[in-house]
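User: I would like to learn how to read a few features of a protein model. Can we go through them one by one?

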Amino acid sequence: MQTPTDRIQRKVLVVDDDKAMREMVVALLEDAGHGAEQSANATEAIDKLRDHDFDAVLSDIRMPGLSGIEMLGEIRDLRPETPVILMTAFGSIDSAVEAMQAGAFDYVTKPFQRDAVLVSLERAFERRSLQQENRQLRRAVDRTTSFGEMIGASASMHEIFALIRRVSDSRATVLISGESGTGKELVARTLHFSGSRADKPFIPVNCTALPEGLMESELFGHVRGAFTGAVASKRGLFEEAEGGTIFLDEIGDMSPGLQSKLLRVLQDRQIRPVGGNMSRPVDVRVITATNRDLRADVQAGSFRKDLFYRLNVIPIDIPPLRERPDDIPHLADAFLRKHGEGRNYTLAPATAERLTRCPWDGNARELENVIERAIAFSQNERLEPEDIQLPDEPDALDASNDTDRFLERALGMQLTLNELSKLYTNHVLESTNGNKARAAKILGINRRTLYRWGFAPNDSEHEEPTHA
Ligand SMILES: Nc1ncnc2c1ncn2[C@@H]1O[C@H](COP(=O)(O)OP(=O)(O)OP(=O)(O)O)[C@@H](O)[C@H]1O
Ligand SMILES: [Mg+2]
């Protein structure tokens, strides 16, 4: 096959102190369609190599001054990728061995056969092309900032891209782990949509969402009459995903009962609908994700060890965003485009710099939210630092922690809605330092409703005049 590089004329540097010999070799090369230059000694040759890149060097070994072998050492330093072929006198096996040990690409014996030289040169050119191609590929990968919908410029993201490419066609299970918002679901989608199953369904399932019984029938289906209300039989999500991928999110929350059933599905490649007595074969790739330390759950006994090993055939660990700051500006740009509704939003350099220094506990999702909010509030397409509300601003953090703790307490106390409204109203009043007008606004009610609920006005507060 002819590749473009084959058609480029190759240039060879011929080094020999014997003028007649040199010219003979040059003529031979030109005859074969190659370009050739000549040097009468090693020092001259090295000077030429310093300024020009040759595709190969063809040199005599025995020359006055620097020998061919000594020159070889210099070329290895100067142009490590340039192949050097040495010409040795017939029968001088020792110097041939020495040449190869010193790093020559090949040697030919003099007086030589035309073909022997040309064949050796062709091999040298081929190796050089391969090296060049490899280098280009490497450079292309290093410059890549996306794979499918995934953005990433960091070394760890590039590794993930490469891994996805390598395993997207396989049916092996994948366990994706990473903190919340690191892009676990996105990795699962990318695995599916870049592989051979792309034209078959991708079915995401959240394992926390439903109680065990319901979850089982969701996953595996049920037969008619399997339980009260099962008036017709229903296909499960595994069957819906036939030929494609099922993505079991938050797998660490799966109940022990369901864990055993899932293990059986992975072992037998068959599912059995709830209430049914027949198993049906399924061809589904199982990808799971968790933001927990599943190994620790296995140690603690809350997650089945055998299931863990079945699920963890290909582990993909997404590092938190703060450990790959190189990705932040690229992600920010992508989110600006995603939410910019066709407008050409950019980050001022100072803004990009500040984003890179944030801790991003909520990872890419948090960054996305921050960008989305900034776009909504900014008048300009170029976002300055003051247009961006950074996540570690203490106010925002404290309030959300308070709210979490508040809700936790409320749930623990099993309150009625009425009691909850009172408690929440108190909570909001606390957060406004007792300012009822502001509290009423947050609660979405009239200030007088607040008074009616028993939150009496302070002396300093006057009831608003009543309008019709
Ligand atoms: N590398 C990335 N490139 C582009 N977008 C990303 C990347 N990582 C995450 N996102 C975006 O961030 C958001 C959160 O990602 P995703 O839902 O996949 O995270 P997650 O790890 O599943 O989070 P959780 O643990 O909370 O479920 C999505 O909008 C996703 O598109
Ligand atoms: Mg998720």
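Analyst: Yes. Keep in mind that this model is predicted. Let us begin with aromatic pairs. A search of the whole structure turns up five of them.

User: How do I read one such pair, say Phe202 and Phe247? What is its geometry?

Analyst: Look at the ring centres and the ring planes. Planes under 30 degrees apart count as stacked. For Phe202 and Phe247, the centres are 6.1 Å apart and the planes make 20°, so the pair is stacked.

User: Where in the chain do Phe202 and Phe247 sit?

Analyst: Phe202 is in strand 9 (residues 202-206), and Phe247 is in strand 10 (residues 245-249). The two are 45 residues apart, so the pair links distant parts of the chain.

User: Are Phe202 and Phe247 buried or exposed?

Analyst: Both Phe202 and Phe247 are buried. They also belong to one aromatic cluster with Phe193.

User: Next, helices. How do I check the length of helix 2?

Analyst: Compare the expected span with the end-to-end distance. Helix 2 covers residues 19-31, which is 13 residues. At 1.5 Å a residue it should span 18 Å, and its end C-alpha atoms are 18 Å apart, which agrees.

User: Which residues of helix 2 are buried?

Analyst: They are Met21, Arg22, Val25, Val26, Leu28 and Leu29. These cover an arc of only 160° around the axis, so they lie on the same side of helix 2. The general idea: an α-helix has 3.6 residues a turn, so residues three or four places apart point the same way. On the other side of helix 2, Lys19, Ala20 and Asp31 are exposed.

User: Now empty space. How many cavities of 30 Å³ or more are there?

Analyst: The count is one. The largest cavity holds about 30 Å³ of space. Its lining is Phe238, Val265, Leu266, Arg269, Val282, Val284 and Val286. By class, that lining has six nonpolar residues, no polar ones and one charged.

User: And what is the volume of the largest pocket?

Analyst: The largest pocket has about 660 Å³. It is lined by 24 residues, and Gly181, Gly183, Leu186, Ala364 and Glu368 lie nearest its centre.

User: Which elements give two or more residues to the lining of the largest pocket?

Analyst: Strand 7 (150-151), helix 8 (184-193), helix 14 (327-339) and helix 16 (363-377) do.

User: How does the lining of the largest pocket divide by class?

Analyst: The lining of the largest pocket has eight nonpolar, seven polar and nine charged residues.

Notes:
Residues numbered from 1 in each chain as written. Chains lettered and ligands numbered in written order. Predicted model: local features only at pLDDT ≥ 70, side-chain atom pairs only at ≥ 80, totals over all residues. Heavy atoms only, no water. Phe/Tyr/Trp six-rings, centres within 6.5 Å; stacked < 30°, edge-to-face > 60°. Helix = DSSP H or I, 4+ residues; strand = E, 2+ residues; numbered from the N terminus. Buried < 20%, exposed > 50% of the residue type's maximum accessible area, 1.4 Å probe, protein only. 1 Å grid on protein atoms, 1.4 Å probe; cavity = no way out; pocket = protein on both sides within 12 Å on 5 of 7 lines; lining within 4 Å. Points joined across faces, edges and corners; volume = space filled by probe spheres on them. Nonpolar A, V, L, I, M, F, W, Y, C, P; charged D, E, K, R; others polar. Expected span 1.5 Å × (residues − 1). Arc of directions from axis to C-beta.
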